[in-house]
Amino acid sequence: MEGEETGRLSIRERRQRQYWDAGPQDFLVEAPPFPRKVMMELSNGCNHACLFCANPHMRRRVGRMDPGLASRLIVEAREAGAEEIGFYTTGEPFIHKDLARFTAEASRAGYRYIFMNTNGALATPDRARPVLDGGVNSVKFSINAGSRATYEAIHGRDEFDLVMANLEDMSRYRREKGLDVWLAVSMVITQPVANEVESLRQRVLPFVDEFIAFECGSQVGQMDVAERMLSVGREAPRNQSICSQPFTVLYITQEGHLDLCCIDYHNYLAVTEIGERHVRDAWNDAAFRDIRARHLRGDLAGTLCGTCWQGCSQRAEPLRPDLATSINKEDFDRQVAALIDARLSSPADIGR
């Protein structure tokens with residue numbers, strides 16, 4: 001398809017293909033070809049604390065990917081056949097001071113599509129413009145409220161005006177420089193902001209190519225409490241029996257582990273360490289082949305994959321306890337509920 005060849009699929013189309021579609025059948029094997037898409041967790045830290053997100057409650061040590069490792073993996077993944085690279089998973093990419101360097105390195109390596117998601121607060125002109133100049137193809141701002149008051153309640157930071165200013169500057173800069181950058185805004189719909197979707201849409205459309213809103217979800221079962229407390233509906237059901245992620249996308253954590261999912265906050269789905277191996281060899285080592293075989297036969301009970309894809313009630317345990325940070329789920333859920341209650345304790349004041 002022309003859109004696939006040019007990389008010009010919308011964020012909505014890409015999200016559909018990544019999370020809901022099964023993907024190419026020739027990839028659904030224990031040892032699939034090296035994936036076309038790579039996502040690197042430059043940092044698992046975040047400067048915001050969104051109510052629907054597990055990041056504010058994360059017990060895993062916060063860190064940044066070693067610059068030398070990041071540069072090496074950018075090149076190795078491209079050598080192995082990757083065509084797209086995203087510089088985020090569980091954290092905020094602008095936390096890493098070398099983001100512009102990595103964007104430029106990915107561009108020189110020949111990736112046809114370089115993308116990232118940001119809350120936008122750190123994407124100030126002095127930080128964002130070098131990233132745009134470095135060759136990024138798509139930047140999505142995650143703005144999850146349509147007013148300053150509700151933004152602070154959801155994001156935990158009074159930075160709505162700052163984020164809007166950064167978005168407008170990025171839009172203006174790409175136009176002035178003639179940069180071919182797809183700019184988008186996404187909004188997670190929660191109960192406090194359900195009536196602000198259209199107002200945010202109208203606010204940002206003059207500056208972006210796309211606006212997408214979607215329901216608050218459970219983040220592969222990690223935030224099921226937040227889903228119950230905040231959601232206004234259900235996400236669209238998956239239309240296939242096998243999750244395509246372990247077969248079609250390479251996820252790399254900031255520690256240098258290969259993971260099965262982009263929203264694994266405690267490395268419960270970390271499969272193997274890359275170490276000194278070429279990333280091509282790590283992609284199909286024995287541990288990866290084993291977990292893919294489990295996916296193919298539906299044997300996922302006791303894993304986050306089973307919680308997410310099959311609705312298993314059995315408690316999830318790490319695939320590799322030595323790579324993960326184990327948590328007490330009951331304590332975690334209580335902490336999530338307490339934060340939501342504290343932020344929304346005066347609903348009459350929210351949105352004024």
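In what order do the 9 strands of the open sheet stand? In this predicted model, the order is E6-E5-E4-E3-E2-E1-E7-E8-E9, and the pairing is mixed. The edges are formed by strand E6 (210-215) and strand E9 (270-273); each has a single partner strand, so one side of each is left without a neighbour in the sheet. From one strand to the next, the twist averages 25°.

Within the sheet, strand E3 (residues 113-118) and strand E4 (residues 138-142) run parallel and are joined by 4 bridges. Met116 stands opposite Val139 in E4. Helix H4 (residues 99-109) packs on the sheet, where it touches strand E2 (84-86) and E3, and its direction makes about 160° with that of E3. Helix H8 (residues 197-204) also packs on the sheet, touching strand E5 (182-189) and E6, with its direction at about 160° to that of E6.

A search of the whole structure yields 23 salt bridges. One of them pairs Arg112 with Glu83, with the closest N and O atoms 3.1 Å apart. This pair links distant parts of the chain, 29 residues apart: Arg112 lies in the loop between H4 and E3, and Glu83 in the loop between helix H3 (67-80) and E2. Arg112 is partly exposed, at 30% relative accessible area, and Glu83 is likewise partly exposed, at 29%.

A further salt bridge joins Arg320 to Asp322, the closest N and O atoms being 2.7 Å apart. Here Arg320 counts as partly exposed at 24% relative accessibility, whereas Asp322 is exposed at 56%. Elsewhere, salt bridges that share partners connect Asp224, Arg228, Lys329 and Asp333 in one network.

Note on methods:
Residues numbered from 1 in each chain as written. Predicted model: local features only at pLDDT ≥ 70, side-chain atom pairs only at ≥ 80, totals over all residues. Heavy atoms only, no water. Pairing = 2+ DSSP bridges. Helix = DSSP H or I, 4+ residues; strand = E, 2+ residues; numbered from the N terminus. Axes fitted to C-alpha atoms, helices over the stretch in contact; angles between N-to-C directions. Contact = heavy atoms within 4.5 Å. Salt bridge = Lys/Arg side-chain N within 4 Å of Asp/Glu carboxyl O. Buried < 20%, exposed > 50% of the residue type's maximum accessible area, 1.4 Å probe, protein only.
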